[in-house]
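Colleague: I would like a close look at one helix in this model. Please take me through it step by step.

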Amino acid sequence: MDKHNRPVLAITCGEPAGIGPEIALRAAWALRADVNSILIGDAALLHRTAQALNGASDMPLDTPIALNVIALKTWQEKCALPLPATPLTVIDCPLAAPVIAGRLDPRNGLAVLQTLDIVIAGTQ
């Protein structure tokens with residue numbers, strides 16, 4: 001199926017200090033042949049998570065995860081996403097504080113809520 005005719009699936013990355021970013025990446029990567037996945041979350045965190053998954057020996061991937069990052073402001077101005085050859089597109093929703101695995105940080109709460117706002121705006 002042509003990449004431009006496939007369904008689009010928006011995936012928010014959930015709580016950045018939890019398993020959300022890894023689960024979102026794994027799900028999007030697993031579905032890449034069937035849908036155009038758009039991840040919504042902190043691009044730097046997703047990049048680090050993708051690098052860790054690419055190097056994981058316990059669950060090797062068939063090919064390394066590659067990301068195409070779109071700045072939130074660019075998406076807000078254009079409200080359209082290019083569908084590049086890179087399989088996974090990320091709408092960057094930067095976090096306010098560094099992530100420490102397993103430790104919730106209330107300063108990141110607004111960014112997590114913003115990912116939901118982005119999905120809602122994208123469906124309208």
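Modeller: Here is a walk along helix α1, followed by a salt bridge elsewhere and a cavity.

A caution comes before the details: this is a predicted model. Helix α1 spans residues 20-30. Which of its residues are buried? They are P21, A24, L25, A28 and W29. Why do these residues share one side of α1? They cover an arc of only 125° around the axis, which puts them on the same side of the helix. The general rule is simple. An α-helix has 3.6 residues a turn, so residues three or four places apart point the same way.

What covers that buried side? The cover over the buried residues of α1 includes four strands and a helix. The strands are β1 (8-12), β2 (36-41), β3 (67-71) and β4 (88-92). The helix is α2 (43-55).

Now look at two charged side chains on α1. Those of E22 and R26 meet in a salt bridge, at 3.0 Å from N to O. The background is short: side chains of opposite charge can pair when their charged atoms come close. E22 and R26 lie four residues apart in α1, so about one helical turn separates them. Is E22 buried or exposed? It falls in between: E22 is partly exposed, with a relative accessible area of 33%.

How many salt bridges does the model have? The count comes to two. Besides the pair on α1, the side chains of R107 and D105 meet in one, at 2.6 Å from N to O. These two partners sit in contrasting surroundings. R107 counts as exposed, at 54% relative accessibility. D105 counts as buried, at 19%, because the cut-off for buried is under 20%.

Last comes the empty space. Rolling a probe the size of a water molecule over the atoms shows where empty space is left. In this model, the count is one cavity of 30 Å³ or more. About 100 Å³ of space lies in the largest cavity. Its lining is made of 14 residues. Nearest the centre of the cavity are C13, G14, P16, G41 and D42. Which elements give two or more residues to this lining? They are β2, α2 and α4 (109-123). Helix α4 gives the most, with three residues. Strand β2 and helix α2 have appeared before: both are also part of the cover over the buried residues of α1. By class, the lining of the largest cavity has 10 nonpolar, three polar and one charged residues.

Definitions and conventions:
Residues are numbered from 1 along each chain as its sequence is written. This is a predicted model: local features need pLDDT of at least 70, side-chain atom pairs count only at pLDDT 80 or more; totals for chains, interfaces and linings use all residues. Side-chain values use heavy atoms; hydrogens and water are left out. Buried means under 20% relative accessible area, exposed over 50%, partly exposed in between (1.4 Å probe, protein chains only). The arc is that of the directions from the helix axis to the C-beta atoms. Contact means heavy atoms within 4.5 Å. A salt bridge is a side-chain nitrogen of Lys or Arg within 4 Å of a carboxyl oxygen of Asp or Glu. On a 1 Å grid over the protein atoms alone, a cavity is a set of points where a 1.4 Å probe fits but cannot get out, and a pocket is an open set with protein on both sides within 12 Å along at least five of seven lines; lining residues have an atom within 4 Å of a point. Grid points are joined across faces, edges and corners, and a volume is the space filled by probe spheres set on the points. Ala, Val, Leu, Ile, Met, Phe, Trp, Tyr, Cys and Pro count as nonpolar, Asp, Glu, Lys and Arg as charged, and the others, Gly among them, as polar.
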